[in-house]
Amino acid sequence: MPVGPGDGSRPRDPGSGPSHPAAPLPPVHHPVFARLLAWTGGAAARGFADLRRELLAGASGTAVEVGCGPGSNFPYYPAAVRQVVAVEPEPYLRRAAERAARAAPVPIGVRAGVAEALPLADGSADVAVVSLVLCSVADPGRALAELVRVLRPGGEVLFWEHVRADEPGLARRQARADRWLWPALSGGCHCCRDTGAAMADAGFTVTRLRAFRLSVPAPLAIISPMIVGAARRG
Ligand SMILES: C[S@@+](CC[C@H](N)C(=O)[O-])C[C@H]1O[C@@H](n2cnc3c(N)ncnc32)[C@H](O)[C@@H]1O
């Protein structure tokens with residue numbers, strides 16, 4: 001697979017991982033949710049095609065996609081992307097992603113790994129992609145610190161995430177759902193995370209943002225507030 005940054009300069013290998021020791025993380029193993037996601041993934045990919053294109057607009061060079069699931073973003077990578085390192089910890093989803101990578105329009109290599117300890121070298125990515133993932137990782141602060149580490153200076157994280165509602169009533173419902181059944185039902189997802197603020201805390205500067213409400217049946221309103229955009233690493 002070719003390797004290198006988006007500016008056409010010296011080829012670069014994304015490498016193998018952080019050099020620092022880190023606390024152990026729980027394994028990501030959600031067999032029922034994974035099968036549901038992989039089964040609906042194709043339909044969802046088509047339903048969300050415009051959003052996935054919006055997410056990936058402007059991506060170029062070496063991209064790392066974190067928590068790629070069954071590879072629902074893969075068909076939408078623009079030609080300016082030279083290679084994608086797609087990281088997925090869940091074994092069933094990773095196998096589905098490997099199949100999806102074979103049909104992708106750009107070279108994609110799928111690797112095992114978690115957001116909190118990415119299997120990439122420092123500064124090796126031009127772009128990082130997270131879609132519906134920062135809601136699910138065990139430690140969002142550590143995951144964002146890893147994005148800072150693997151992105152080159154000036155590199156961008158492209159994000160599409162569902163987030164905590166501005167509206168107090170809905171935010172209370174989200175917090176209740178996160179305390180009770182929601183994470184267990186949804187592969188560890190949390191619906192009350194303020195991901196925009198967490199990205200700013202991690203040192204990212206938002207360069208493009210669209211906040212919107214997804215149209216969903218009433219019981220799923222807890223996951224309707226969404227943001228899609230880009231943020232630059234300092
Ligand atoms: C709702 S799915 C989203 C999948 C895909 N990104 C998409 O846009 O459809 C959440 C994904 O995050 C992954 N995930 C959960 N915990 C993770 C972690 N700690 N590190 C990386 N990925 C994780 C799950 O295995 C799953 O693939």
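These are my notebook entries on a charged surface patch, an aromatic pair and a residue in a helix, all looked up in a predicted model.

**Entry 1, the positive patch.** I began with the surface charges and found a positive patch formed by R35, R95, R99 and R102. When I asked which element gives the most to this patch, the answer was helix α3, spanning residues 91-102, with three residues. R35 I placed in helix α1, which covers residues 31-47. I noted R35 as partly exposed because its relative accessibility is 41%, a value that falls between the 20% and 50% limits for buried and exposed.

**Entry 2, the aromatic pair.** I then turned to the aromatic rings, for which the count comes to one pair. The partners are F48 and W160, set edge-to-face with 5.2 Å from centre to centre and 65° between the planes. Since F48 lies in the loop between α1 and α2 and W160 in strand β5 (residues 151-162), I recorded that the pair ties together parts 112 residues apart in sequence. Is W160 buried or exposed? I entered W160 as buried, because its relative accessible area is 0%, while F48, with a relative accessible area of 24%, went down as partly exposed.

**Entry 3, A175.** Last, I looked up A175, which lies in helix α5, residues 168-179. With a relative accessible area of 24%, A175 is partly exposed. I also checked A175 against H190, and wrote down that the two are 15 residues apart in sequence and 8.6 Å apart in space, taken from C-alpha to C-alpha.

Terms used. Residues are numbered from 1 along each chain as its sequence is written. This is a predicted model: local features need pLDDT of at least 70, side-chain atom pairs count only at pLDDT 80 or more; totals for chains, interfaces and linings use all residues. Side-chain values use heavy atoms; hydrogens and water are left out. Patches are made of residues with over 30% relative accessible area and no salt bridge: like charges are joined within 9 Å, nonpolar side chains (Val, Leu, Ile, Met, Phe, Trp, Tyr) within 5 Å. Accessible areas come from the Shrake-Rupley method with a 1.4 Å probe; for residues, only the protein chains shown count as cover. A salt bridge is a side-chain nitrogen of Lys or Arg within 4 Å of a carboxyl oxygen of Asp or Glu. Lys and Arg count as positive and Asp and Glu as negative; His and the chain ends are not counted. The place of a charge is taken as NZ of Lys, CZ of Arg, CG of Asp or CD of Glu. Helices (H or I, at least four residues) and strands (E, at least two) are DSSP runs, numbered from the N terminus. Buried means under 20% relative accessible area, exposed over 50%, partly exposed in between (1.4 Å probe, protein chains only). Rings of Phe, Tyr and Trp (its six-membered ring) pair if their centres lie within 6.5 Å; planes under 30 degrees apart count as stacked, over 60 as edge-to-face and the rest as tilted.
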